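This report introduces a structure to a reader who has not met it before. Please look over the sequence and the model shown here before reading on.

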Amino acid sequence: MENNSDIKNKQDSNVKHKKIDINGSAYTVIYSVIMVVVVAVLLTVASTALKPAQKLNQEIEKKENILKTVGKTADIANVKNKAEYIKNEYGKYIRAAATDINGNFLDVSDSIVFTLELKRELAKPEAERQLPVFICKDGEQLRYIFQLHGRGLWGSIWGYIAFESDMHTIAGVVFDHEGETPGLGAEITTEIFQKQFENKKIDEDNSLPIIIQKPGGELNSHTVDGISGGTITSKGVQQMLADNLKLYKGFITKIKSQNNNNNIETNDKNQEL
Amino acid sequence: MSSNNGLKIFTTPFNSGNPITVLVLGICSALAVTVKLQPAFVMAISVTVVTGFSNLIISFLRNTIPNSIRIIVQLLVIATLVILVNEVLKAYVYDVSKQLSVYVGLIITNCILMGRLEAFALGNRPIPSFVDGIANGMGYGIILIIVAFFRELLGSGTLFGIRIIPESWYVANGGFYLDNGLIILPPMALIMLGCIIWIHRSVNQDLQEK
């Protein structure tokens with residue numbers, strides 16, 4: 001029906017353009033070269049023009065995730081300019097630092113720490129790793145935020161975890177993923193799942209500091225409910241926490257011993273008084 | 001015939017020439033992005049933009065394209081447009097582009113695009129081709145949105161992320177209701193699509209083969 005008239009139209013128009021042989025090799029080659037060059041220029045221009053906006057989006061997302069772990073994005077829904085708000089809050093509370101595997105601070109500037117990716121660091125030999133740590137200072141209260149990176153079912157999963165200053169209690173977590181199944185594994189990004197981690201304690205004696213178990217069982221301070229239908233992703237989160245906390249172990253121990261010293265000092269002072 | 005009739009070009013894809021329910025093209029993405037309404041909606045707009053403009057461009061070029069590299073030229077145009085759409089989404093609606101992830105890139109492989117270029121844009125003037133592209137994109141989109149509407153409502157109890165089924169009804173909060181987990185999985189989307197085709201064919205009897 002339609003096709004017949006389409007083909008006829010095509011033939012008509014071909015007749016009009018008889019002058020150049022559009023099916024000749026030379027024409028075809030020149031045609032494809034021009035096509036490719038035009039497309040390449042177009043895409044380069046578009047990519048260059050949109051890069052700053054895309055970079056900014058990623059930066060804001062990262063800052064938002066970091067702030068979320070320490071509960072500093074509670075009133076974000078009421079904010080008009082989200083990007084501006086996040087930038088301000090981040091500047092107000094968060095300081096970035098890098099630590100080596102033994103927990104010693106490295107001399108790296110804030111802006112470089114911000115671009116550190118755990119995934120890339122994990123590929124390096126242990127001694128050269130620079131682990132990003134974000135420190136949230138809210139008045140006297142200090143909280144430490146670590147980056148996480150692991151594997152889900154279909155691809156990478158990553159996130160941030162914040163600890164209270166005792167380095168034992170989880171203040172909050174944020175998870176994100178590359179391509180987990182929507183509605184199942186992808187549920188790790190939901191508030192309901194992430195809220196469970198708040199105020200849980202990490203179990204240093206167990207090889208899995210936090211256990212994600214089948215929903216419905218008894219929960220204690222080291223366990224949270226997994227996601228029905230998202231078992232492999234849940235297990236991935238559990239493993240990610242275990243692996244990454246091992247990386248930060250040096251740092252965690254260091255802060256803990258500092259805390260102890262401070263406590264002893266204050267105790268001494270109290271006794272003197 | 002139909003190339004003179006703008007209205008018909010526009011309405012056919014919604015009924016007797018619907019890309020999904022009649023031509024059964026673009027099924028893969030229709031199953032993948034319809035878990036929630038928002039990504040389905042953005043996907044619908046993206047596909048509409050790409051079908052519209054690829055039809056327009058190919059129609060402009062139709063008399064100059066060497067026959068031996070016809071398909072490659074078509075693909076080049078489609079791929080360029082898809083990359084542009086993807087970059088724009090990443091720059092301006094970052095959240096949604098994250099949800100759509102690879103499926104925006106996979107618009108390139110959507111059969112509707114090549115189908116329309118081959119069947120229409122190569123033999124028609126630019127304006128009718130553009131209308132045909134837009135209409136086909138919308139015909140595809142409307143099915144996506146219908147499927148996503150039911151999947152999000154029954155599978156997550158929300159619409160566009162806004163809660164429709166009250167929180168207190170859920171078993172977890174002492175109620176009686178549970179979301180249907182099956183609806184979220186792609187097989188259920190296929191069954192739903194089958195039902196839509198069934199309804200479409202029983203309403204429009206012309207579509208039934210004798």
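## Report on the predicted model

A:N199 is located in the loop that connects α6 (191–195) and β7 (211–213) of chain A. The model to which this residue belongs is a predicted one. Although A:N199 is not a glycine, its phi is positive, at about 70°. The residue is exposed, because its relative accessible area of 55% is over the 50% cut-off.

A second residue of chain A may be set beside it. A:M167 is not a glycine either, and it has a positive phi of about 60°. This residue occupies the loop between β5 (156–163) and β6 (170–177) of chain A. A:M167 counts as buried, because its relative accessibility is 0%, and the cut-off for buried is under 20%. As background to both entries, most residues other than glycine have a negative phi. The table below sets out the two residues.

| Residue | Phi | Loop in chain A | Relative accessible area |
|---|---|---|---|
| A:M167 | about 60° | β5 (156–163) to β6 (170–177) | 0%, buried |
| A:N199 | about 70° | α6 (191–195) to β7 (211–213) | 55%, exposed |

On the scale of the whole chain, the domain assignment divides chain A into domain 1 (2–45) and domain 2 (59–268). Taken over C-alpha atoms, the centres of domain 1 of chain A and domain 2 of chain A are separated by 55 Å.

**Chain B**

The secondary structure of chain B consists of 10 helices and two strands. In sequence order, the pattern of chain B reads α-α-α-α-α-α-α-α-β-β-α-α. The C-alpha trace of chain B extends over about 70 × 50 × 25 Å along its principal axes. Of the 210 residues in chain B, 50% are buried. When contacts in chain B between residues at least 6 apart in sequence are considered, 73% of them join residues at least 24 apart.

One residue of chain B can be followed in detail. B:I165 belongs to the loop between β2 (162–163) and α9 (181–184) of chain B. Is B:I165 buried or exposed? B:I165 is buried, because its relative accessible area is 11%, and the cut-off is under 20%. Leaving aside residues up to four places away in sequence, B:I165 touches B:L153, B:G157, B:Y170 and B:Y177. The C-alpha atom of B:I165 is separated by 30 Å from that of B:I20, and the two residues are 145 residues apart along the chain.

**The interface of chain B and chain A**

The two chains are in contact, with 34 residues taken from chain B and 33 residues from chain A. About 2900 Å² is buried between chain B and chain A, and carbon and sulfur atoms give 61% of this area. Zero salt bridges are found across the interface of chain B and chain A. Seven residue pairs, both members at pLDDT 80 or more, are in polar contact across this interface.

Which elements of chain B each supply at least two residues of the side that touches chain A? They are α4 (70–92), α5 (94–100) and α7 (111–119) of chain B. The most is given by α4(B), with 11 residues. By residue type, the side of chain B that touches chain A comprises 20 nonpolar, nine polar and five charged residues.

Key: Residues numbered from 1 in each chain as written. Chains lettered and ligands numbered in written order. Predicted model: local features only at pLDDT ≥ 70, side-chain atom pairs only at ≥ 80, totals over all residues. Heavy atoms only, no water. Contact = heavy atoms within 4.5 Å. Buried area = accessible area lost by both parts, 1.4 Å probe. Salt bridge = Lys/Arg side-chain N within 4 Å of Asp/Glu carboxyl O. Polar contact = N/O pair within 3.5 Å; in protein donor to acceptor, adjacent residues only side chain to side chain. Helix = DSSP H or I, 4+ residues; strand = E, 2+ residues; numbered from the N terminus. Nonpolar A, V, L, I, M, F, W, Y, C, P; charged D, E, K, R; others polar. Domains from an automatic or database assignment. Buried < 20%, exposed > 50% of the residue type's maximum accessible area, 1.4 Å probe, protein only.
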